Amino acid sequence: MARKTAAMAGALARLWAPWRMAYIKDAGKDSACFLCSLPKSKKDRENLILYRGKTCFVILNKFPYNNGHLLVSPYRHVGEIEEMTDAESLELMKLTGRAKKAIQRAMNPNGFNLGVNLGRAAGAGLPGHVHMHLVPRWNGDCNFMPVLGETKVLPLTLLETWDMLHPFLK
Ligand SMILES: [Zn+2]
């Protein structure tokens with residue numbers, strides 16, 4: 001019974017966030033820093049960049065926990081929050097607030113999770129380049145998977161989410 005419960009928990013974890021599993025498997029394979037490389041390209045929609053500020057930018061997380069999960073990051077490859085300049089620190093928070101407002105208006109969530117993971121032990125997928133996670137939350141969004149089983153986890157594709165949010169960040 002205990003073994004069956006553990007197996008079910010594993011299966012549910014994969015159902016809940018298949019993107020995360022792909023991400024964890026890929027961790028360490030590619031050392032290129034996407035937060036440095038993507039802003040150098042002009043293809044913002046393709047690269048899921050939602051907004052460019054002076055020192056920081058907003059980008060959808062390619063491996064989202066939820067629809068609208070985005071990252072706010074300085075352009076500069078800086079690994080520690082205390083090494084960020086005053087301008088970067090201020091704009092990081094300002095853009096986080098702006099992105100939160102855009103998500104609120106476009107997607108009407110019931111709440112948000114906001115945070116920075118520092119170091120691999122804390123769950124940072126990309127140590128070395130500070131980024132703020134902003135994750136919109138809806139009532140019951142953690143609870144529906146065990147009930148519905150095979151139902152698609154995220155009803156929106158990343159590009160659909162980009163299209164939904166981009167007008168609100170202009
Ligand atoms: Zn970087």
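Let me start with the zinc ion, whose site is tetrahedral, with angles of 103 to 117° among the four donor atoms; four donors are called tetrahedral here if all angles lie between 85 and 135 degrees. For orientation, the ideal angle for four tetrahedral donors at a metal is 109.5 degrees. Please keep in mind that this is a predicted model, in which local features need pLDDT of at least 70 and side-chain atom pairs count only at pLDDT 80 or more, while totals for chains, interfaces and linings use all residues. Residues are numbered from 1 along each chain as its sequence is written, and side-chain values use heavy atoms, with hydrogens and water left out.

Which protein atoms are the donors of the zinc ion? They are the SG atoms of Cys33 and Cys36 and the ND1 atoms of His77 and His129, and they lie 2.0 to 2.2 Å from the ion. A donor, in this account, is an N, O or S atom within 2.8 Å of the metal (3.2 Å for Na, K and Ca), and since water is not among the atoms, sites may look incomplete. Along the chain, the donors of the zinc ion follow the spacing C-x2-C-x40-H-x51-H. One pair links distant parts of the chain, with Cys36 in helix H3 (residues 34–37) and His129 in the loop between strand E4 (111–115) and strand E5 (132–137), 93 residues apart. Helices and strands here are DSSP runs, numbered from the N terminus, where a helix (H or I) has at least four residues and a strand (E) at least two.

Are these two residues buried or exposed? Cys36 is buried, with a relative accessible area of 19%, and His129 is buried as well, with a relative accessible area of 1%. By buried I mean under 20% relative accessible area, by exposed over 50%, and by partly exposed anything in between, computed with a 1.4 Å probe on protein chains only. Leaving aside its neighbours within four places in sequence, Cys36 is in contact with Tyr75, His77 and His129, where contact means heavy atoms within 4.5 Å. The C-alpha atoms of Cys36 and Pro74 are separated by 9.0 Å, and these two residues are 38 apart along the chain.

Let us step back to the whole chain. It has six helices and five strands, and from the N terminus on the elements run α-α-α-β-β-β-α-β-β-α-α. Of the 170 residues in the chain, 35% are buried. Among contacts between residues at least 6 apart in sequence, 65% join residues at least 24 apart.

Next comes helix H4, residues 86–107. Its 22 residues should span 32 Å at 1.5 Å a residue, and its end C-alpha atoms are 31 Å apart, which agrees; the expected span is 1.5 Å times one less than the number of residues. The buried residues in H4 are Glu88, Glu91, Leu92, Leu95, Thr96, Ala99, Ala102, Ile103 and Met107. They cover an arc of only 145° around the axis, so they are on the same side of H4, the arc being that of the directions from the helix axis to the C-beta atoms. On the face turned away from this buried side are the exposed residues Asp86, Leu90, Lys94, Lys101 and Arg105. What covers the buried residues of H4 includes strand E1 (49–52), strand E2 (56–60), strand E3 (70–74), E4, E5 and helix H6 (158–169). Just after H4, Asn108 takes a positive phi of about 50°.

Thr96, in helix H4, is worth a careful look. It counts as buried because its relative accessibility is 3%. A polar atom of the Thr96 side chain lies 2.6 Å from the backbone oxygen of Leu92. Not counting residues up to four places away in sequence, Thr96 touches Val72, Leu114, Met132 and Leu134.

Finally, helix H6 can be looked at in a similar way. Its twelve residues should span 16 Å at 1.5 Å a residue, and the end C-alpha atoms are 16 Å apart, which agrees. Where in H6 are its buried residues Thr161, Trp162, Leu165 and Leu169? They cover an arc of only 100° around the axis, which puts them on the same side of H6. What covers the buried residues of H6 includes E1, E2, E3 and H4.

How values were computed
Tetrahedral: all angles 85-135°; square planar, octahedral: opposite > 155°, others 65-115°. Polar contact = N/O pair within 3.5 Å; in protein donor to acceptor, adjacent residues only side chain to side chain.
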